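Student: Could you take me on a close look at the salt bridges here, and at the parts around them? I am new to this, so please explain the terms as you go.

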Amino acid sequence: PRGDKLSPARRAFDRAFVNAAEASLHFLAHHWLLLANTINALLFALPFLAPIFMAAGITWAARAIYSAYGVFYTQIPSHSYFISGHMMAYGHRAVAIDGALVVGGLLFALLRRRLRPLPMWLLLLFTAPTAIDGFTQLFGWRESTWELRSVTGVLFGLGAVWFAYPWIERGMRRVHLRTAD
């Protein structure tokens with residue numbers, strides 16, 4: 001076997017690497033929800049900081065946030081909230097989706113043992129209003145309102161958590177059991 005040709009130092013390194021990978025996987029399997037909720041909370045909070053930084057004169061930090069979010073989100077004034085006279089780094093719907101991901105993640109933490117995954121047909125029901133609102137606006141058939149973008153964003157975000165998190169939980173529980181040996 002090839003392992004016989006490896007030096008003792010290389011075998012020790014390989015063992016240490018595998019042990020570190022297993023420990024990392026075990027940690028992720030055990031703490032995935034905390035990590036997901038933390039990341040979602042940060043992604044939700046940063047766009048609020050951009051206008052606050054701009055108002056405070058910390059323009060370099062505000063511009064960095066606007067630039068980072070501008071890669072993924074259109075920054076249209078009529079589709080955005082304003083804080084202290086400055087536009088947020090993303091629009092109404094994205095605020096609602098990210099806020100719903102945070103709230104949904106926290107609710108899932110409380111209900112994770114009892115909550116079953118949302119069936120696919122219900123997920124489609126949760127996401128359909130967002131798709132209809134977004135596409136009819138995109139094609140110029142009508143103009144959406146901040147209220148409608150917010151409500152459809154909340155439905156989408158909550159539906160996504162309810163559908164995905166129970167499946168992730170099941171998978172991570174299996175990984176946790178395998179790495180606990």
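Tutor: Here is a walk through the charged pairs, followed by their surroundings. This is a predicted model, in which local features need pLDDT of at least 70 and side-chain atom pairs count only at pLDDT 80 or more, while totals for chains, interfaces and linings use all residues. Residues are numbered from 1 along each chain as its sequence is written, and side-chain values use heavy atoms, with hydrogens and water left out.

Let us begin with the idea itself. Side chains of opposite charge can pair when their charged atoms come close. A salt bridge here is a side-chain nitrogen of Lys or Arg within 4 Å of a carboxyl oxygen of Asp or Glu. A search of the whole structure finds six of them.

One of these pairs is Arg10 with Asp14, whose side chains meet at 2.8 Å, N to O. Both residues lie in helix 1 (residues 8–56), four residues apart, which is about one turn of the helix. Helices (H or I, at least four residues) and strands (E, at least two) are DSSP runs, numbered from the N terminus. How covered are these two? Buried means under 20% relative accessible area, exposed means over 50%, and partly exposed is in between, with a 1.4 Å probe and protein chains only. Arg10 is partly exposed at 43%, and Asp14 is partly exposed too, at 23%.

Now look at Glu169 and Arg113, which form a salt bridge at 3.4 Å, N to O. Glu169 sits in helix 5 (residues 146–179) and Arg113 in the loop between helix 3 (92–111) and helix 4 (120–138), so this pair ties together parts that are 56 residues apart in sequence. Glu169 is buried, with 6% relative accessibility, whereas Arg113 is exposed at 66%.

A further pair is Asp133 and Arg142, with 2.8 Å from N to O. Asp133 is buried at 2% relative accessibility, and Arg142 is partly exposed at 31%. Salt bridges can also share partners: in this way Arg112, Arg113, Glu169 and Arg173 are joined into one network.

Asp133 has another partner to show you. A polar contact of 2.8 Å links its side chain with that of Ser144; such a contact is a pair of N or O atoms within 3.5 Å, where within protein one must be able to donate a hydrogen and the other to accept it, and residues adjacent in sequence count only if both atoms are side-chain atoms. Ser144 lies in the loop between helix 4 and helix 5 and is buried, with a relative accessible area of 5%. Not counting residues up to four places away in sequence, Ser144 touches Asp133, Gln137 and Arg149, where contact means heavy atoms within 4.5 Å.

Moving into helix 5, we find Ser150, which is buried at 12% relative accessibility. Leaving aside neighbours within four places in sequence, Ser150 is in contact with Tyr81, His92 and Ala96. Ser150 and Ile97 are 53 residues apart in sequence, and their C-alpha atoms are 7.9 Å apart in space.

The strands come next. Strand 1 (residues 80–83) and strand 2 pair in the antiparallel sense over three bridges; two strands count as paired if DSSP finds at least two bridges between them. Ile83 has His86 in strand 2 as its bridge partner. The two strands form a hairpin with two residues between them, and Ser84 in the turn has a positive phi of about 55°. Strand 2 (residues 86–91) is mostly covered, with five of its six residues buried.

Finally, go back to helix 1, where Phe27 lies. Phe27 is partly exposed, with a relative accessible area of 45%. Together with Leu25, Leu28, Leu35, Ile39 and Leu43, Phe27 forms a nonpolar surface patch with about 500 Å² of accessible area in total. Patches are made of residues with over 30% relative accessible area and no salt bridge, joining like charges within 9 Å and nonpolar side chains (Val, Leu, Ile, Met, Phe, Trp, Tyr) within 5 Å. The areas come from the Shrake-Rupley method with a 1.4 Å probe, and for residues only the protein chains shown count as cover.
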